[in-house]
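Biologist: Could you walk me through this model before I set anything up with it?
Modeller: Gladly, here it is.
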Amino acid sequence: MTMRYASDIAFTPAVKAIQASKGSRRAYAHMEQAGSWETTITAELKAFVEVQRSVFLATVNGDGQPYIQHRGGPPGFLRVLDEHTLAFVDFSGNRQFISTGNLQENPKAHLFLIDYRQRKRVKVWGEAHMVAATDDLLAQLMPPGYQARPEQVLRFTVNAWDANCPQHIPPRFEAEDVLAALQDKDARIAELEAELARFRAAAG
């Protein structure tokens with residue numbers, strides 16, 4: 001498929017025809033003419049990517065059967081190698097290797113990132129390959145102190161990406177963030193109680 005706009009990677013002729021019938025094609029045509037989607041990893045995307053704890057990887061096998069796999073780790077497990085490349089260590093799991101096999105048949109892939117705290121989602125189209133977990137790559141990508149066994153490394157070449165609106169994303173927070181907020185609240189309550197006790201002692 002010859003692409004005129006970066007968004008053509010998703011907006012195929014069939015999709016555009018449906019957009020036209022549903023009344024949204026004009027708005028997306030304006031978006032395309034204004035510059036369409038990003039095709040490189042910007043500073044904004046890099047900042048978003050490198051604080052995420054999970055990512056969903058979509059692949060398709062040679063028969064067109066899709067598969068979605070979740071990958072997670074500590075913040076920063078998904079790294080930006082350069083303005084066109086993302087990568088992460090594929091930790092040892094159930095060893096089905098479905099994504100690995102799919103990528104051998106069809107390198108086209110998709111990353112879906114969702115941040116419930118910020119209520120933001122980012123969709124990334126591109127091509128991916130599983131490569132050996134060399135010492136050099138592990139030095140770049142393995143989260144320090146993380147208790148997981150590296151199986152291989154996924155390198156993802158970005159072709160286009162888009163950030164969605166927050167509509168329908170339920171706000172959720174990490175357990176440690178909630179704990180920190182509760183500890184701050186408890187500390188403030190203790191401070192106020194001590195101040196109140198001092199006032200009562202002075203009044204008595």
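Modeller: What follows goes through the sheet, the cores and a few single residues of this predicted model.

Biologist: Okay, in what order do the strands of the sheet run?
Modeller: The seven strands are arranged as S2-S1-S5-S6-S7-S4-S3 in an open sheet, and their pairing is antiparallel. At the edges sit strand S2 (66–72) and strand S3 (79–82), each of which pairs on one side only. On average, and with direction ignored, neighbouring strands are turned by 35° against each other.

Biologist: And which helix packs on the sheet?
Modeller: Helix H4, residues 98–105, packs there and touches S1, S2, S5, S6 and S7, with its direction making about 45° with that of S1.

Biologist: How many bridges link S5 and S6?
Modeller: S5 and S6 pair over eight bridges in the antiparallel sense, and Leu113 has Val122 in S6 as its bridge partner.

Biologist: Switching to the interior, which residues of the largest nonpolar core touch the most other members?
Modeller: That core has 23 residues, and those touching the most other members are Leu78, Leu86, Leu111, Leu113, Val124, Leu154 and Phe156. At least two core residues come from each of helix H3 (43–49) and the strands S1 (54–60), S4 (85–91), S5 (108–115), S6 (120–131) and S7 (150–164). There is also a second, separate core of eight residues, with Ala87, Leu137, Leu138 and Leu141 among them.

Biologist: What does Val124 touch?
Modeller: If its neighbours within four places in sequence are set aside, Val124 is in contact with Ala109, His110, Leu111, Leu113, Phe156, Val158, Ala160 and Trp161.

Biologist: Now Ser7, is that one buried or exposed?
Modeller: Ser7 has a relative accessible area of 0%, which is under the 20% limit, so Ser7 counts as buried. Ser7 belongs to the segment before helix H1 (13–22), and, not counting residues up to four places away in sequence, Ser7 touches Met31, Glu32, Ser36 and Trp37.

Biologist: You mentioned Ser36; what is its phi?
Modeller: Ser36 is not a glycine, yet its phi is positive, at about 60°. Ser36 lies in the loop between helix H2 (25–33) and H3.

Biologist: Last one, where is Phe97 found, and what about its backbone?
Modeller: Phe97 is found in the loop between S4 and H4, and Phe97 too has a positive phi of about 60° although it is not a glycine.

Biologist: And why does Phe97 count as partly exposed?
Modeller: Because its relative accessibility is 35%, which falls between the 20% and 50% limits, Phe97 counts as partly exposed.

Methods. Residues numbered from 1 in each chain as written. Predicted model: local features only at pLDDT ≥ 70, side-chain atom pairs only at ≥ 80, totals over all residues. Heavy atoms only, no water. Core = buried A, V, L, I, M, F, W, Y, C linked by side-chain atoms within 4.5 Å. Buried < 20%, exposed > 50% of the residue type's maximum accessible area, 1.4 Å probe, protein only. Helix = DSSP H or I, 4+ residues; strand = E, 2+ residues; numbered from the N terminus. Contact = heavy atoms within 4.5 Å. Pairing = 2+ DSSP bridges. Axes fitted to C-alpha atoms, helices over the stretch in contact; angles between N-to-C directions.
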